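This report is meant for someone meeting the structure for the first time. Please look over the sequence and the model before reading on.

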Amino acid sequence: MINIDWNSVLQQLLYDAHNPLLFNNGFFVYFLVAFILCYYLFRKNYKHRAVVLTLFSLYFFYKASGAFVGIVILSAFFNYGISNLIFNAKKKAGKGFFLFCSVMVNLGVLFYFKYTNFFIEVINNFSMLKLDPLHILLPIGISFFTFENLSYTIDVYRGEIEPEKGIINYLLFLSFFPKLVMGPIVRAKDFIPQLKKEYFVSDSDFSRGFYLIVTGLIKKLIISDYISVNLVNYVFDGPNLHNGMECLVALYGYAIVIYCDFSGYSDVAIGISKWMGITIPTNFLSPYQSKSVSEFWRRWHISLSSWLRDYLYISMGGNRKGKFRTNLNLFLTMLIGGFWHGASWNFIIWGALHGIGLGLNKLWNSLFGKIKFFPSFLSNAIYALITFHFVCFCWIFFKASNLETALQFIHQIVYQFTFDGAYEYFVNYQYVIIMIVIGYLIHLIPDSFPEKVIETQKRFPLVYYVVVMMGFIALYSFFKSAEPVMPIYLQF
């Protein structure tokens, strides 16, 4: 007779702060299987599907962050109510007042959890006051669902959408588990109408979802985690212990780490959504192939950059008020975008650098855009290399734990660069370097290649998918680190 330890089972079902539920958590497999079975049973009725998906999404967030699931629920009810007040207000002044309330409450919650201690530190540094920092835990995903709430109420105010009549659909829009903790940032006008359509997943949808899930997991769990654990993390933790060459290799490593980490997670979220009959737009388009900073932001974290463009840059005037205001609006947009990532001077500097880069990009195009200095292929290669290294330089501030560490890292590259010991270094870290090269080669794969794979594999039998997934599990077990590596964007 099998004895079941029900207490142990119960503990597995409860939130564990030391082992939050994420895609790289073993419990997620059981969660996903249970969800797919329930979702499939209720697939023919969109209202029942929405309830099942909402309950599983809220449970996922509970397993990922505990009692903070209450913030998502309260946030959904507040924005659901305030959007109806905006819509039903007869006068524009009334609509504006309710929108103002929405913006203040949403940003107020975000400010409290994410920026309170930062401004306490600023006050302490620039005044005679000495305030004690508060013990505040940051709810995961708060930056993402705050921006989703804001886009919803702003769209209602602009008359682009009508407020959702069913609270369940709005709660699901906000809590949808594939994208809740790390994005992509989804807009209600794109997401909610899909919930009401008949459930249908074509062979191409299933194949695309499978491809995105497997390749996303490879990018995140194998490439990104392996490079992080075996090189990047400890070099950035103590750059003064490494010469400039070692720091530069680690920087190139981090560039592929953050790409594989976040784009990998985004691909998994988009792939799982495909299996539910829900389309989430692509969030990354080979950003390191960009030939300008402007192009980089059209390819990198597309859901964030398009949100900043539509709800911040355009609201400030966009490019409608002359060149100076255009550049100022670009700079402020990127500055705020940097601050969105975290309460740190490093993120502010990172955003400011990209703002300056966008301004210089526009200046260059206005002065020399029509002049061809070299043949097209050579110009494209030069511009791509310049853009890539500018982005890598900015990553130093994004990755370093503080400004002092970032400046030390730059100092090592500029003043302590040497090839002494290079042979021994490359021998000792040959597998990490090979993994970095593999990461960049994957990044350089033409966009047409995945489409060919997706179209080809949709004709294969189910056993093919089982074999590929088993192959991935075997590969992951070989490269798996002793401790799980938390996704980079989880902190935002």
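Contact, as the word is used here, means heavy atoms within 4.5 Å. The model itself is predicted, and what follows should be read with that in mind.

By that measure of contact, tryptophan 300 touches Ile258, Tyr259, Asn283, Phe284, Pro287, Tyr288, Ser305, Trp395 and Tyr489, when residues up to four places away in sequence are not counted. Tryptophan 300 also belongs to the largest nonpolar core, which has 135 residues, and it is listed there with Phe177, Val181, Tyr288 and Trp395 among the residues that have the most contacts inside this core. The element that gives the most to the core is helix α11, residues 244-275, with 18 residues. As a general background, nonpolar side chains in soluble globular proteins tend to be buried together.

Helix α20, which spans residues 448-457, offers a smaller example of burial, its buried residues being Pro450, Ile454 and Gln457. These three lie on the same side of α20, because they cover an arc of only 80° around the axis. The partners against which the buried residues of α20 pack are α10 (203-237) and α21 (462-479).

Charged side chains form a further theme, for the count of salt bridges comes to 13. The table sets out three of the pairs, with the N to O distance of each.

| Pair | Distance, N to O |
|---|---|
| Aspartate 205 and lysine 274 | 3.5 Å |
| Arginine 299 and glutamate 295 | 2.9 Å |
| Aspartate 310 and arginine 309 | 2.8 Å |

The salt bridge between aspartate 205 and lysine 274 links distant parts of the chain, since aspartate 205 lies in helix α10 and lysine 274 in helix α11, 69 residues apart. Aspartate 205 counts as buried, because its relative accessibility is 17% and the limit for burial is under 20%. Lysine 274 is buried as well, with a relative accessible area of 13%.

The pair formed by arginine 299 and glutamate 295 is set within one helix, α12 (residues 293-299), where the two residues are 4 residues apart and therefore separated by about one helical turn. Arginine 299 counts as buried at 18% relative accessibility, and glutamate 295 is buried too, with a relative accessible area of 12%.

In the pair of aspartate 310 and arginine 309, aspartate 310 is buried, with a relative accessible area of 15%, whereas arginine 309 is partly exposed, with a relative accessible area of 44%. Salt bridges that share partners join these two residues and Arg187 into one network, made up of Arg187, Arg309 and Asp310.

How many disulfides does the model contain? The count comes to 0 disulfides, and two cysteines illustrate the distances involved. Cysteine 247 is in no disulfide, the nearest cysteine sulfur, that of cysteine 392, being 14 Å away. The sulfur of cysteine 260 likewise has its closest cysteine sulfur in cysteine 392, at 13 Å, which is too far for a bond, because a disulfide needs sulfur atoms within 2.5 Å. Both residues lie in the interior by the accessibility measure, for cysteine 247 counts as buried at 0% relative accessibility, and cysteine 260 counts as buried at 1% relative accessibility.

Conventions. Residues numbered from 1 in each chain as written. Predicted model: local features only at pLDDT ≥ 70, side-chain atom pairs only at ≥ 80, totals over all residues. Heavy atoms only, no water. Buried < 20%, exposed > 50% of the residue type's maximum accessible area, 1.4 Å probe, protein only. Arc of directions from axis to C-beta. Core = buried A, V, L, I, M, F, W, Y, C linked by side-chain atoms within 4.5 Å. Salt bridge = Lys/Arg side-chain N within 4 Å of Asp/Glu carboxyl O.
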